[in-house]
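Reader: I should like to go through this structure by question and answer. Please take the points one at a time.

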Amino acid sequence: MLYIGIDLGTSAVKLLLMDEAGAIKNIVSREYPIEFPHPGWSQQAPADWWRETKAGIRELLAGFDASQVAGIGAGGQMHGLVVLDSGDRVIRPAILWNDGRTQKQVEYLNNTVGKQTLSACTGNIAFAGFTAPKLLWMRENEPENFARIAKIMLPKDYINYMLTGVFCTDVSDASGMLLFDVANKCWSEKMLSICGVRRGQLAEIYESAAPVGTVKPDVAAELGLPAGVTVCAGAGDNAAAAVGCGVVGPGGCNISLGTSGTVFITSDRFGVDRANALHSFAHADGGWHLMGCILSAASCNKWWMEDILKTEDFAAEQASIPKDRLGRNRVYYLPYLMGERSPHNDPSARSAFVGMTMDTTRDELTQAVLEGVAFAIRDCVEVARAQGVRVDESRICGGGAKSPLWREIFADVLNIPLTLPETEQGPGYGGAMLAAVACGRYESVVACAKALFRAKSVTAPDAEAAARYEARYQTWHKLYPALRALEPEMEAET
């Protein structure tokens with residue numbers, strides 16, 4: 001049998017076809033636009049997701065026996081607000097995870113409702129990207145649209161709804177809405193009341209590998225699929241990526257270098273860090289995890305290479321940076337191009353190069369960008385370590401992980417070995433694995449991951465470089481607090 005994994009990303013939907021043994025038979029990517037109607041705003045049209053997903057599935061199956069497709073599983077960008085009216089029409093463009101328009105609503109939730117109340121209800125505090133602040137923003141700024149809401153869903157849940165007609169979500173994705181009681185895996189009635197949301201506007205909740213329905217007959221005919229293809233609840237992209245990287249069960253760690261960057265630490269128990277600097281979410285394996293998310297990771301390198309240096313040859317730019325210069329750079333970089341989530345929770349944070357001199361080189365600036373992202377991920381890791389969580393090794397995935405130099409920098413900055421999976425399609429592979437579990441091919445997500453995960457390589461830290469980076473991290477760590485006092489002045493000037 002064959003299984004389709006969907007990775008509904010920010011810039012594109014990526015689809016893969018996996019067989020029962022975990023071999024990837026085909027991969028397709030379909031791009032769609034993103035809108036930035038105001039500085040710090042970010043939104044997309046759900047119709048674009050659905051159009052490209054359908055086209056991608058047809059392209060994916062070309063040349064294969066589509067009758068062998070048994071299941072579909074999706075991993076998707078988290079937190080996005082998708083709202084439908086009573087006629088199942090999309091009311092407005094989806095407000096995305098990296099949208100910063102909700103600063104006022106976040107302040108209300110954290111300071112008026114109170115972080116202690118939020119944490120007690122959901123296990124988390126408010127961040128600008130979360131779904132609940134977006135609903136409050138809609139209620140205040142688009143009251144007519146807010147009054148029309150019949151269904152509130154997340155991006156990958158919209159795809160599942162279009163495939164099956166079933167209004168559903170999963171525990172991992174729901175965890176990022178700030179409407180979900182993560183410890184008890186149910187909607188928080190108190191948070192619904194605070195946000196003016198009715199229970200009937202929210203989906204039924206499933207574990208990630210649970211089957212939620214089958215592809216509708218008319219959709220199956222349009223896509224060339226057989227009747228009765230099972231669709232599972234799926235997972236948020238980071239949980240799906242963790243499954244795809246074999247990070248299941250307690251004590252695992254995965255670092256993802258996509259548009260955003262995350263560190264994902266698994267547990268069999270629900271837990272919250274004292275400052276709520278990390279997110280406490282349910283995992284797709286039935287357990288829980290702590291997650292730190294930086295809003296700009298590989299997107300920093302893409303911005304630097306394509307927009308500033310005007311090149312798409314990323315490898316050539318990195319080729320002239322020798323390993324013996326790691327930890328010796330004179331320039332520091334703060335990667336806050338879209339504000340920052342973990343651990344600062346500061347939508348007004350801004351990116352900066354610090355330490356340049358007249359003889360600063362292009363290579364030093366390129367190296368600083370790679371190092372700054374690694375330092376920001378280490379900020380998140382240090383929050384977990386401060387709670388007594390051991391992080392002794394990690395998997396690493398995402399587009400940024402293709403770079404051997406960046407993997408080496410990360411290994412040295414964190415001073416741990418990093419394992420690169422054989423496949424770089426983490427969320428899509430995880431989605432296909434969840435589908436295989438939903439179809440009964442494997443008895444559990446843990447069993448599936450253990451059977452299918454394969455390592456491609458391991459990057460071990462260099463002791464001398466790690467020592468140099470330790471000193472540089474301690475300096476870098478002081479830069480954000482030093483510059484934060486200037487944020488209001490800089491904002492007033494724009």
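Author: In what follows, a contact means heavy atoms within 4.5 Å. The model discussed here is predicted.

Reader: Is Lys134 buried or exposed?

Author: Lys134 lies in helix α3, residues 131-141. Residues under 20% relative accessible area count as buried. Lys134 has 0% relative accessibility and therefore counts as buried.

Reader: Which residues does Lys134 touch, not counting residues up to four places away in sequence?

Author: The C-alpha atoms of Lys134 and Arg92 are separated by 12 Å, and the two residues are 42 apart along the chain. With residues up to four places away in sequence left out, Lys134 touches His79, Gly80, Leu81, Ile95, Leu96, Trp97, Thr102, Ala128 and Gly129.

Reader: Which strands stand at the edges of the open sheet of 7 strands?

Author: The order in this sheet is β18-β19-β17-β16-β22-β23-β24, with mixed pairing. Neighbouring strands are turned by 25° against each other on average, direction ignored. An edge strand has a single partner, so one side of it is left without a neighbour in the sheet; the strands in that position are β18 (279-282) and β24 (455-459).

Reader: Which residues of β16 point one way, and which the other way?

Author: Strand β16 spans residues 253-257, and 5 of its 5 residues are buried. In a regular strand the side chains alternate between the two faces of the sheet. In β16, Asn254 and Ser256 point one way, and the other way point Cys253, Ile255 and Leu257.

Reader: What are the bridge partners of Ser256 in β17 and in β22?

Author: β16 pairs with β17 in the antiparallel sense over 5 bridges, and these two strands form a hairpin with 3 residues between them. With strand β22 (residues 394-397), β16 pairs in the parallel sense over 3 bridges. The partner of Ser256 in β17 is Thr262, and in β22 the partner is Cys397.

Reader: Which residue of β19 stands opposite Ile265?

Author: Strands β17 (residues 261-267) and β19 (residues 288-294) run antiparallel and are joined by 7 bridges. Opposite Ile265, in β19, stands Leu290.

Reader: How many of the 8 residues of helix α9 are buried?

Author: Helix α9 covers residues 237-244 and is largely enclosed by the rest of the structure. Its buried residues are Asn238, Ala239, Ala240, Ala241, Ala242, Val243 and Gly244. Just after α9, Gly246 takes a positive phi of about 75°. The number of buried residues in α9 is 7.

Reader: How do the residues of the contact of α12 with α13 divide into nonpolar, polar and charged?

Author: The axes of α12 (residues 362-386) and α13 (residues 404-414) come within 9 Å and cross at roughly 35°, in a right-handed crossing. Among the contact residues are Glu371, Arg378 and Arg385 of α12, and Trp406 and Phe410 of α13. The division is 12 nonpolar, no polar and 3 charged.

Reader: How do the residues of the contact of α14 with α15 divide?

Author: The axes of α14 (residues 426-438) and α15 (residues 445-452) come within 9 Å and cross at roughly 125°, and the two helices are therefore oblique to each other. The contact is made by Tyr429, Met433, Leu434 and Val437 of α14 with Val445, Cys448, Ala449 and Leu452 of α15. These residues divide into no polar, no charged and 8 nonpolar.

Definitions and conventions: Residues numbered from 1 in each chain as written. Predicted model: local features only at pLDDT ≥ 70, side-chain atom pairs only at ≥ 80, totals over all residues. Heavy atoms only, no water. Axes fitted to C-alpha atoms, helices over the stretch in contact; angles between N-to-C directions. Helix = DSSP H or I, 4+ residues; strand = E, 2+ residues; numbered from the N terminus. Parallel < 35°, antiparallel > 145°, perpendicular 65-115°, else oblique. Nonpolar A, V, L, I, M, F, W, Y, C, P; charged D, E, K, R; others polar. Pairing = 2+ DSSP bridges. Buried < 20%, exposed > 50% of the residue type's maximum accessible area, 1.4 Å probe, protein only. Left-handed = near helix turned anticlockwise from the far one by under 90°.
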